[in-house]
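Work through the exercises below with the sequence and the structure open. Try each task before reading its solution.

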Amino acid sequence: SLLVAWLVIRIAAQLIRNRFWARVVATLAWTVAALNIFGLLDPVLEGLRGAAFRIGKINLSALSILQGALLLVILLWLSIVVTRLVERALNRYGAVQPAASVLIVKIVRLVLIAAVFLIVIDSVGIDLTALAVFGGALGVGIGFGLQKIVANFISGIILLLDRSIKPGDVIAVDGTYGWIKSLRARYASVLT
């Protein structure tokens with residue numbers, strides 16, 4: 001079983017390009033494999049389930065928090081992969097204009113990240129209706145604090161929708177010429 005664990009962990013670590021995350025995955029996998037081989041996995045899991053605390057009506061255990069963190073990392077990674085696939089597909093498909101392509105990718109990314117956080121919160125055991133009042137108060141506070149950022153975001157979406165500028169266009173400001181390198185939801189990157 002040790003040889004099988006070594007092979008599986010080695011293959012999984014080779015699939016991850018980032019060395020830091022490959023080491024993190026390998027360390028976690030070796031820890032779980034060692035606990036399982038020595039028969040300590042079930043007692044450790046029971047101990048993590050027992051380390052629980054209550055916040056109002058919500059009962060959180062250390063195990064549920066660890067599972068939620070692991071699920072968050074995996075789902076965020078999957079959402080990044082899906083966003084990149086959508087971006088590549090739109091870039092290959094010539095009928096979609098560059099500005100519309102940027103807008104579609106941004107919308108897909110925002111929807112996927114919001115879905116990931118809702119799934120993780122629900123999987124940890126936090127009732128989503130309990131967050132309604134807190135979310136409303138937080139939304140009002142953030143709304144007042146981030147008015148300028150939201151205004152820039154809406155302006156960026158309007159620029160993407162009306163197709164007035166696109167990557168590759170030449171613009172001039174006060175005698176300085178530049179090419180639009182990329183369009184983002186809040187800004188345009190210009191190469192002078």
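## Exercise 1: the core of α4

The buried residues of α4 pack against α3 (41–50), β2 and α5. Keep in mind that this is a predicted model.

Task: State which residues of α4 are buried, and compare the reach of α4 with the expected value.

Solution.
- Step 1. Take the cut-off: buried means under 20% relative accessible area.
- Step 2. Apply it along α4. The buried residues are L63, S64, G68, L75, S79, T83 and L90.
- Step 3. Find their partners. These residues pack against α3, β2 and α5.
- Step 4. Check the span. α4 has 31 residues and reaches 45 Å from its first C-alpha to its last. That is close to the 45 Å expected at 1.5 Å a residue.
- Step 5. Recall a rule for reading such lists. An α-helix has 3.6 residues a turn, so residues three or four places apart point the same way.

## Exercise 2: the helix α5

Task: Describe helix α5 by its reach, its buried residues and the elements they pack against.

Solution.
- Step 1. Locate the helix. α5 covers residues 98–124, which is 27 residues.
- Step 2. Take its reach. From first C-alpha to last, α5 reaches 39 Å, close to the 39 Å expected at 1.5 Å a residue.
- Step 3. List the buried positions. They are A99, A100, S101, V102, L103, V105, K106, V116, V120 and V124.
- Step 4. Name the partners. The buried residues of α5 pack against β2 (58–61), α4 (62–92), α7 (147–162) and β4 (176–183).
- Step 5. Look just past the helix end. There, G125 takes a positive phi of about 110 degrees.

## Exercise 3: two residues of β4

Task: Compare the surroundings of G178 and S182.

Solution.
- Step 1. Place both residues. G178 is in strand β4. S182 lies in β4 too.
- Step 2. Assign burial with the cut-off of under 20%. G178 has a relative accessible area of 1%, so it is buried. S182 has 16%, so it is buried as well.
- Step 3. List contacts of G178, leaving aside neighbours within four places in sequence. They are D169, V170, I171, V190, L191 and T192.
- Step 4. Do likewise for S182, not counting residues up to four places away. S182 touches Y187, A188 and S189.
- Step 5. Take one pair in detail. G178 and V190 are twelve residues apart in sequence. Their C-alpha atoms are 5.9 Å apart.

## Exercise 4: a positive phi before β4

Task: Is D174 buried or exposed, and where does it lie?

Solution.
- Step 1. Find the segment. D174 lies in the loop between β3 (170–173) and β4.
- Step 2. Read the backbone. Phi of D174 is near 50 degrees, a positive value in a residue other than glycine.
- Step 3. Apply the cut-off for exposed, over 50%. D174 has a relative accessible area of 80%, so it is exposed.

## Exercise 5: the whole chain

Task: Why is the protein chain described as more spread out than a compact globule?

Solution.
- Step 1. Count the elements. The chain has seven helices and five strands.
- Step 2. Order them. Along the sequence the pattern is α-α-α-β-β-α-α-α-α-β-β-β.
- Step 3. Test the spread. The radius of gyration is 23 Å, well over the 16 Å that the globule rule gives for 192 residues, so the chain is more spread out than a compact globule.
- Step 4. Add the dimensions. Along its principal axes the C-alpha trace spans about 70 × 45 × 30 Å.
- Step 5. Add two C-alpha distances. G47 and D169 are 61 Å apart in space and 122 residues apart in sequence. L3 and L103 are 48 Å apart in space and 100 residues apart in sequence.
- Step 6. Place two of these residues. G47 is in helix α3 and is partly exposed at 44% relative accessible area. L3 is in helix α1 and is exposed at 58%.
- Step 7. Close with the surface. Buried residues make up 19% of the 192 residues. The accessible surface comes to about 13,900 Å², with 69% of that belonging to carbon and sulfur atoms.

Terms used: Residues numbered from 1 in each chain as written. Predicted model: local features only at pLDDT ≥ 70, side-chain atom pairs only at ≥ 80, totals over all residues. Heavy atoms only, no water. Helix = DSSP H or I, 4+ residues; strand = E, 2+ residues; numbered from the N terminus. Expected span 1.5 Å × (residues − 1). Buried < 20%, exposed > 50% of the residue type's maximum accessible area, 1.4 Å probe, protein only. Contact = heavy atoms within 4.5 Å. Rg over C-alpha atoms; globule rule 2.2 N^0.38 Å. Areas by Shrake-Rupley, 256 points an atom, 1.4 Å probe, with all protein chains shown as cover.
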